[in-house]
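Student: I would like to take a close look at a single part of this protein and see how the rest of the chain is arranged around it. Please choose one strand and go through it slowly.

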Amino acid sequence: MTTKLTDCSENRRILVIDDNVLIHDDCRKILQPGNEAHNLDAVRAAVFGGTPRLKPLMRFELDCVDQGQAALASVQRARQEGRPYAVVFVDMRMPPGWDGVETVEHLWDEDPDLQVVICTAFSDHAWEDVIQRLNKNGQLLILRKPFDNIEVWQLANSLTKR
C-alpha cells in the first residue's frame, strides 16, 4: 500500500519490509500521524486562551511489503519511475523468503545509496557478522524491537534528509 505526499520537495519515501502487518500499521501511525493532537491543541488554546503550540509533524510517503523479494521489486520500480526510496526499515526474519541481511544485500545491489534500518527483536546472525557482511558505514543502523515511536520518527526524519 502506498501513501503519497505531494507538498514536500525532499525525498521522504520510506519502504517498510516486515512479514508482520501490525508493524506496517504501527509505522503508518508513527510516520503518517493524523490531526488528533493538533485538534486537541487547538481546543486547548480556544478554552484556555493563547495560540496553538504544536507544529504539524512531517509526514512521509510510505510503502509496506511483507518479503524481501517484494521489496526488491518495489525498489526497482521506484528507481525506474525516478522516485527512489530514501530509507528502508527491514525486519531480520521474514520466513519463508530472504532474511533481512540477504534482503539488504539485494537492495544495495539495486540502489547503493539506500539508508537501511534493520528492525528486529532477535537475529539468526551475530551482529558483528551482520555489520561485517553488509559493511556500509553510515548507511546501516540497527533498531531493536519493540521500538519507540519517537526513535522511529527521528530516524526517518534524519535519514531522509541525508
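Tutor: What follows goes through one strand, then its neighbours, and then some places elsewhere on the chain.

The model is a predicted one. The protein has 6 helices and 6 strands, and from the N terminus on the elements run β-β-α-α-β-α-β-α-β-α-β-α. Of its 162 residues, 42% count as buried. Among contacts with a separation of 6 or more, 76% are between residues 24 or more positions apart. These two values give the setting for the strand chosen here, S4.

S4 covers residues 87-91. How many of its residues are buried? The count is 5 of the 5, so S4 is largely enclosed by the rest of the structure. Buried here means under 20% relative accessible area. The side chains can be sorted by direction: Val87, Phe89 and Asp91 point one way from S4, while Val88 and Val90 point the other way. Residues on both sides are buried.

Next come the strands that pair with S4. One is S2, which runs parallel to S4 and is joined to it by 4 bridges. Within this pairing, isoleucine 14 has valine 87 of S4 as its bridge partner. Another is S5 (residues 115-120), also parallel to S4, with 5 bridges joining the two. Here phenylalanine 89 has valine 117 in S5 as its bridge partner. To get from S4 to S5, the chain passes through helix H4 (residues 100-110), and this β-α-β crossover is right-handed.

Now take the charged residue of the strand, aspartate 91. Side chains of opposite charge can pair when their charged atoms come close. Aspartate 91 forms a salt bridge with lysine 145, and the closest N and O atoms are 3.1 Å apart. This pair links distant parts of the chain: aspartate 91 is in S4, whereas lysine 145 is in the loop between strand S6 (140-144) and H6, 54 residues apart. Lysine 145 and aspartate 91 are both buried.

That salt bridge belongs to a longer list, since the structure holds 9 salt bridges. Another of them joins aspartate 63 to arginine 13, with 3.1 Å between the closest N and O atoms. Aspartate 63 lies in strand S3 (residues 61-65) and arginine 13 in strand S2 (residues 13-17), so the pair ties together parts that are 50 residues apart in sequence. Recall that S2 is joined to S4 by bridges. Aspartate 63 counts as buried because its relative accessibility is 7%, and arginine 13 is buried with a relative accessible area of 7%. The two residues also belong to a network of salt bridges that links Arg13, Glu61, Asp63 and Arg83.

For a local pair, turn to helix H1 (residues 21-31). Arginine 28 and aspartate 25 both lie in H1, 3 residues apart, which is about one turn of the helix. They form a salt bridge whose closest N and O atoms are 3.2 Å apart. Aspartate 25 is partly exposed, with a relative accessible area of 33%.

Other helix residues also belong in the picture. Glutamate 151 lies in helix H6 (residues 149-160) and is partly exposed, at 40% relative accessible area. The C-alpha atoms of glutamate 151 and isoleucine 30 are separated by 9.8 Å, although the residues are 121 apart along the chain. Alanine 70, in helix H3 (residues 68-80), counts as partly exposed at 29% relative accessibility. Its C-alpha atom is 9.8 Å from that of glycine 97, a residue 27 positions away along the chain.

Finally, look at the outside. The protein exposes about 9200 Å², and carbon and sulfur atoms supply 52% of that area. Val43, Val47 and Phe48 make a nonpolar surface patch of about 350 Å². Phenylalanine 48 is in helix H2 (residues 36-48). Is phenylalanine 48 buried or exposed? Its relative accessibility is 69%, so phenylalanine 48 counts as exposed. Phenylalanine 89, by contrast, is one of the buried residues of S4.

To return to the strand: S4 has 5 of its 5 residues buried, runs parallel to S2 and to S5, and holds aspartate 91, which pairs with lysine 145 in a salt bridge.

Technical notes
Residues are numbered from 1 along each chain as its sequence is written. This is a predicted model: local features need pLDDT of at least 70, side-chain atom pairs count only at pLDDT 80 or more; totals for chains, interfaces and linings use all residues. Side-chain values use heavy atoms; hydrogens and water are left out. Patches are made of residues with over 30% relative accessible area and no salt bridge: like charges are joined within 9 Å, nonpolar side chains (Val, Leu, Ile, Met, Phe, Trp, Tyr) within 5 Å. Accessible areas come from the Shrake-Rupley method with a 1.4 Å probe; for residues, only the protein chains shown count as cover. A salt bridge is a side-chain nitrogen of Lys or Arg within 4 Å of a carboxyl oxygen of Asp or Glu. Buried means under 20% relative accessible area, exposed over 50%, partly exposed in between (1.4 Å probe, protein chains only). Contact means heavy atoms within 4.5 Å. Two strands pair if DSSP finds at least two bridges between them. A crossover is right-handed if, with the strands pointing away from the viewer, the path from the first strand over the helix to the second runs clockwise.
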